[in-house]
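User: I am new to this structure and would like a close look at a single part of it. Please choose one strand, place it within the whole, and follow it to its surroundings.

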Amino acid sequence: SKSITFHSITKNRIGLRWTAGNGKNRVIIASKNSLNANNLISDGVAYTAGNYGQNTLENYPNISVVYNGGNTTCLVDGLERNTTYHFRIYDYNGSGTGSNYLLNSSTNNPT
């Protein structure tokens, strides 16, 4: 996926839109720190999404999974005011232990 844009910004929520990539589904991660590394997620793992601060990555407790599905929009809740957040989308095919994540970066991913 590519070209992440933002909308519907409130004091604790933000909307994301993006152009779908080559995967059937996608996982979005969020952090207050840069998300430039490609290898933050792993094949064969089914990630559960939730509000920011919930469902953090096992080896990265400051990174939250905020979306998992097939759409091209989502709302992210649980944010703090006056804080910069970084988002990255990983397209994937398969499910559960058969999940295969596409790790290549595209334009404005991460943003």
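Analyst: Of the 111 residues of the protein, 37% count as buried, where buried means under 20% relative accessible area, exposed means over 50% and partly exposed lies in between, with a 1.4 Å probe and protein chains only. The model is a predicted one, in which local features need pLDDT of at least 70 and side-chain atom pairs count only at pLDDT 80 or more, while totals for chains, interfaces and linings use all residues. Residues are numbered from 1 along each chain as its sequence is written, and side-chain values use heavy atoms, with hydrogens and water left out.

As a setting for the close look, the protein has zero helices and eight strands, these being DSSP runs numbered from the N terminus (H or I, at least four residues, for helices; E, at least two, for strands). The radius of gyration is 13 Å, close to the 13 Å that the globule rule gives for 111 residues, so the protein is as compact as a globular protein of that length; the radius is taken over C-alpha atoms, and the rule is 2.2 Å times the number of residues to the power 0.38. Those C-alpha atoms fill a box of roughly 40 × 30 × 20 Å along the principal axes. Among contacts (heavy atoms within 4.5 Å) between residues at least 6 apart in sequence, 64% join residues at least 24 apart.

The part chosen here is strand β7, residues 86–93, in which six of the eight residues are buried, so this strand is largely enclosed by the rest of the structure. Strand β3, residues 25–31, pairs with β7 in the antiparallel sense over seven bridges, where pairing requires that DSSP finds at least two bridges between two strands. Within this pairing, I29 has R88 of β7 as its bridge partner. Strand β8, residues 100–102, also pairs with β7 in the antiparallel sense, over three bridges, and here N93 stands opposite N100. The hairpin of β7 and β8 has six residues between the strands, and in this hairpin G94 takes a positive phi near 90°.

Just before β7, in the loop between β6 and β7, comes Y85, which is linked with Y52 in the loop between β3 and β4 (56–57), 33 residues apart. The two form an edge-to-face aromatic pair, at 4.9 Å centre to centre and with 75° between the planes; rings of Phe, Tyr and Trp (its six-membered ring) pair if their centres lie within 6.5 Å, and planes under 30 degrees apart count as stacked, over 60 as edge-to-face and the rest as tilted. Y52 is buried, with a relative accessible area of 14%, and Y85 is buried as well, at 12%. The structure holds five aromatic pairs, and Y47, Y92 and Y101 form one aromatic cluster.

Elsewhere, an open sheet of three strands has the order β1-β2-β6 with antiparallel pairing. Its edges are β1 (2–7) and β6 (73–77), each with a single partner strand, so one side of each is left without a neighbour in the sheet. Strand β2, residues 13–19, is joined to β6 by five bridges, and R17 stands opposite T73 in β6.
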